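Got your viewer open and a selection box ready? Let's take a walk through this model, one stop at a time.

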Amino acid sequence: MRILEIHIDGFGALGGRSFKDLQPGINILYGPNEAGKTTLLEFIRRILFGFPSKKAGKINYYAPMNGGARGGRLVCQLANGETAVIRRVDGPGGGKVWATVRAEEQEGQPAVDALLGHASEEIYKNIYAFSIAELQDFGTLNGEQIKSRIYGAGLGLGGVSLAELEKGLQKSCDDIFKSPRKGSKHKMGDLLNEIREGETKIRQVQDALGQFDELSARLEQLDRDRESLESRIREAEERRGALKTQEDLYPVYLELADAESHLARLEEITGFPENGFEVFSRRRSEIEQAVRRLDEEAGTLEKLKSDRDNIQLNAALLTREDDIAVLRQQTEKVRSAIHDAIGVRQERELLDGQIETEIQRIGKNWGEETVLKFDLTEAERDRIQGFRGAIEDARRNIQRARDKLDDRREQMARGASGQSTFPQWPRDLPLGLLGLGLVCLVWGIAAWNVPLAILSMALAIIGGVLYRAFRRENEPPAEDPLETALIERLGKAVKAEDELFAEWRGWLAERNLDPLLTPHAAEKTIDLVRQVKIMISQRAGLDKRLDQMRETRESARDAIEKIMPALPGVTRPNDPCSAIDLIGRHFDEAQKNKEKQVNLDAQIRELERKIQKLASGLEQERAALSGLVRSAGATDEDDFARRHNLLEQRRSLEKMLAEKRNIIQNRVGVGAGYEEFLEVLRSSSPERRSQELRQVSAQLEEFHKDKDRVNQEVGETRNKIASLSSNEELLVRQSELEIKKRQLEVHAGEWAARKTALALLSLGKRKYEQERQPAVIKAAEDIFSRITENKYRGIYKPIDSDEIRISANGAEKSLGVVEMSRGTREQLYLAMRFGLIQEYEARSEPLPVVMDDIFVNFDDERLARAIGTLENFARTRQVIVFSCHRRQMETYRELGAHEVFF
């Protein structure tokens with residue numbers, strides 16, 4: 001499984017946040033301290049395994065700080081490529097959670113556990129999703145599930161926990177047999193107790209065989225005593241029932257007698273109409289409602305008339321409705337004219353200045369009139385292009401002639417230098433020989449040294465001859481005819497260019513353009529003239545717009561002047577728009593008053609008709625009520641109510657009498673029995689009945705106790721007689737005793753087998769740990785060695801403890817975890833977790849690994865190697881790393897990690 005998206009509804013400070021497009025491999029989530037990295041780690045844990053309850057102790061519940069309900073969802077991809085959504089909301093029992101796969105939604109933690117490969121919260125929190133706090137605490141790796149994975153996963157047990165296997169065997173042994181102690185329960189102990197009880201009962205059966213005759217006589221006497229007791233019990237129960245019935249029905253009898261007495265004193269009412277009082281009450285209520293409605297409607301009518309009379313109507317203003325409508329339609333136009341006039345004038349002034357500036361750029365003698373008159377035909381534009389091409393051709397001809405002349409002169413120079421057979425330095429030798437010869441000649445003559453004088457003269461002559469020969473060689477050659485022709489060609493090209501420029505300047509002068517313009521510059525000037533023409537046209541448009549604005553304002557002022565007399569006492573604002581708004585408000589108010597007046601008149605007319613109809617209905621109701629009172633034989637409404645009350649009392653008493661008679665008759669019967677029961681109640685007092693009832697109840701209770709005692713003795717005697725009448729019970733008990741002894745032998749064999757299995761398992765585990773460490777430790781050993789650059793060669797777990805020992809290169813003694821630095825311990829614990837993940841995922845669903853700033857205590861070299869190891873580790877799984885360090889961010893970026901910023 002890997003996480004694709006994280007959506008947080010409410011969780012601490014991260015409410016309403018989403019993190020999308022998480023990738024396989026390494027994902028680095030960078031953010032400063034307090035950005036919410038630890039909150040995001042805890043969110044992932046709790047979405048997968050539930051929110052803690054309020055009874056969990058002093059922990060952070062991450063109540064939403066920005067509103068919303070605590071919860072959210074994770075969008076994941078399973079190992080088979082399917083997409084799964086895990087959604088959890090706050091609630092009891094860790095919250096409500098749903099898992100959706102292939103559009104099928106299942107509720108409950110078991111559905112989520114199935115997606116996670118049934119990984120427990122302990123394994124995921126301490127192995128897959130951990131912060132620096134869990135990394136530093138080795139205790140997080142000491143849970144039973146995790147220890148079993150570390151030390152027993154390589155025993156060939158698959159997903160079975162070695163600790164759970166040992167625990168199950170020990171529990172099975174304890175169920176069969178436990179060392180005797182108070183309150184202990186086990187199968188063998190229970191069987192031993194049952195065997196002892198069976199032996200005791202067998203001895204009792206054997207001792208009681210001589211008591212048969214005595215027990216038979218006692219049983220006959222007990223049967224006679226029981227029959228006598230049952231007869232007396234029946235008589236006592238009948239008497240108690242009669243007394244209890246009299247006591248229960250005596251209050252009913254009193255109510256019956258009181259109702260008969262009251263009914264006899266009531267006046268007899270005849271001729272009262274059926275449902276008369278309901279009709280009477282309904283009509284009186286309708287009359288009261290009609291009177292109340294008449295009063296309310298009359299008050300409403302007076303208020304409506306008062307409101308209508310208080311309305312002030314400006315009829316003069318309403319007659320100018322058409323003018324006001326036209327004026328209001330022009331409001332935005334007037335407002336725009338006032339508001340835009342300044343901007344348009346500024347734009348016009350700016351455009352005017354630009355026109356003047358651009359005309360000066362065209363030429364000194366140019367003006368707006370010159371610009372507007374200036375126009376070029378298409379032929380003249382083509383003529384400029386022709387001049388431009390001809391001038392460029394002339395310049396190319398001059399350049400080609402110059403290039404050929406330079407090439408010829410360079411060729412001649414190379415030819416002259418190529419005729420000399422000596423390098424440059426021998427050419428300076430003749431002058432040296434000539435000078436040296438003359439110096440030595442003078443010295444020889446002065447010293448009268450003839451040989452030196454002759455030799456010096458020879459040197460001088462040789463130097464002079466050589467100098468003359470070299471000088472003759474360096475003399476310039478005769479005039480070159482080709483060079484002369486090339487010079488003449490260059491002169492013709494220059495002349496042709498001068499003539500072309502003279503013609504071009506003449507063409508410019510005819511059109512009042514600067515004679516110094518090039519064809520290219522002339523084209524730009526012509527474009528500038530075209531732009532100036534456009535600007536002049538734009539200025540004319542602005543002038544027209546300003547005139548229209550002025551006309552709009554004047555038209556509005558004229559209309560306002562016509563309407564203002566209809567508003568006496570109202571000061572006219574200077575601003576036309578404000579005046580239009582003022583007129584509009586007064587007009588709207590006048591229209592509303594007119595509409596209100598019309599509506600009030602209609603309401604008044606409708607209300608008057610309604611009042612008339614209500615008054616007519618009221619008279620009809622009053623007449624109907626009077627007829628109803630007379631039909632009942634009453635003099636007025638109060639007499640009608642009195643007669644109705646008397647009739648209701650009589651009906652109520654008659655109903656109650658019937659109910660009381662039914663109650664008594666249901667208990668004692670009808671006819672003579674009913675009359676006799678009433679006579680008994682009249683002739684006896686309640687106190688006497690209560691006293692007799694208590695006596696009968698006490699006597700009956702004693703009879704029942706005696707009967708229970710006799711029944712118990714009868715049962716015991718019969719059991720003893722049945723036991724003594726044959727020896728079958730003895731045989732059955734002896735058979736049961738033998739069966740329990742066989743069961744005891746079977747349980748003893750089972751207990752011995754399980755104890756043997758525990759001993760063999762312990763021996764096998766000890767041998768395994770001596771000869772071969774678990775695969776988890778082997779994998780962690782390789783990762784730890786790479787992070788520390790082989791400084792530590794191995795990880796070892798002693799047989800008799802869960803302590804981890806480390807073998808260092810060059811050290812004879814192994815190190816304990818506490819003997820290493822904090823950073824090295826964290827590197828060991830990280831390697832152990834990577835080894836656990838590799839071993840766990842060999843048989844379970846891969847899960848995303850989430851690490852919160854765990855490299856803070858790693859030095860630079862080990863940090864680089866740890867991140868390199870993490871890169872290799874993340875090739876087949878998803879790793880999400882939280883960090884607040886930019887140097888780590890850059891290292892992850894170089895590895896190609898996917899970046900996510902808080």
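Let's warm up at Asn512, which is partly exposed because its relative accessible area is 35%; the cut-offs are under 20% for buried, over 50% for exposed and partly exposed in between, with a 1.4 Å probe and protein chains only. Asn512 belongs to the loop between α18 (481-510) and α19 (519-563). Helices here are DSSP runs of H or I with at least four residues, strands are runs of E with at least two, and both are numbered from the N terminus. Check the backbone of Asn512 too: its phi is positive, about 60°, although Asn512 is not a glycine. Most residues other than glycine have a negative phi.

A word on ground rules. This is a predicted model, with local features needing pLDDT of at least 70 and side-chain atom pairs counting only at pLDDT 80 or more, while totals for chains, interfaces and linings use all residues. Residues are numbered from 1 along each chain as its sequence is written, and side-chain values use heavy atoms, leaving out hydrogens and water.

**The whole chain**

Zoom out. The protein chain has 28 helices and 14 strands, and 36% of its 902 residues count as buried. Contacts are heavy atoms within 4.5 Å; among those with a separation of 6 or more, 72% are between residues 24 or more positions apart.

**The open sheet**

Now select residues 2-10 and 71-77. These are strands β1 and β4, which run antiparallel and are joined by seven bridges; strands count as paired if DSSP finds at least two bridges between them. For one rung, pick Ile8 and find its bridge partner Gly72 in β4. Widen the selection and you get an open sheet of six strands, in the order β2-β1-β4-β5-β6-β7, with antiparallel pairing. β2 (18-19) and β7 stand at the edges with a single partner strand each, so one side of each has no neighbour in the sheet.

Go to the β7 edge. Strand β6 (residues 96-101) pairs with strand β7 (residues 104-107) in the antiparallel sense over four bridges, and Val101 has Glu104 as its bridge partner. What sits in the turn of the β6 and β7 hairpin? Two residues separate the strands, and Arg102 in the turn has a positive phi of about 55°. Ala103 is in the loop between β6 and β7 as well, also with a positive phi, about 65°, although it is not a glycine. Ala103 counts as exposed because its relative accessibility is 76%.

**Strand β13**

Next, select 878-883. Six of the six residues of β13 are buried. In a regular strand the side chains alternate between the two faces of the sheet. Here, Gln878, Ile880 and Phe882 point one way, Val879, Val881 and Ser883 point the other way, and all are buried.

Add the neighbours. Strand β3 (residues 25-30) runs parallel to β13 and is joined to it by six bridges, with Leu29 opposite Phe882. Strand β12 (residues 849-852) also pairs with β13 in the parallel sense, over four bridges; there, Met851 has Val881 as its bridge partner.

Click on Ser883 in this strand. Is Ser883 buried or exposed? Ser883 is buried, because its relative accessible area is 1%. Leaving out residues up to four places away in sequence, Ser883 touches seven residues you can light up: Ile28, Leu29, Tyr30, Gly31, Lys37, Asp853 and Gln888. With Gln888, the side chain of Ser883 makes a polar contact of 3.2 Å (a pair of N or O atoms within 3.5 Å; within protein, one must be able to donate a hydrogen and the other to accept it, and residues adjacent in sequence count only if both atoms are side-chain atoms).

**Rings and charges**

Show Arg87 and Trp98: the arginine lies over the face of the ring, 4.2 Å from the ring centre. To qualify, NZ of Lys or CZ of Arg must be within 6 Å of the ring centre and within 35 degrees of the ring normal. Arg833 lies over the face of Phe130 at 4.9 Å from the ring centre.

**Two helix stops**

Finish with His644 in helix α21 (residues 637-668). His644 counts as buried because its relative accessibility is 9%, and it touches Phe272 and Phe277, not counting residues up to four places away in sequence. Then jump to Glu861 in helix α27 (residues 860-873), which is exposed, with a relative accessible area of 57%.
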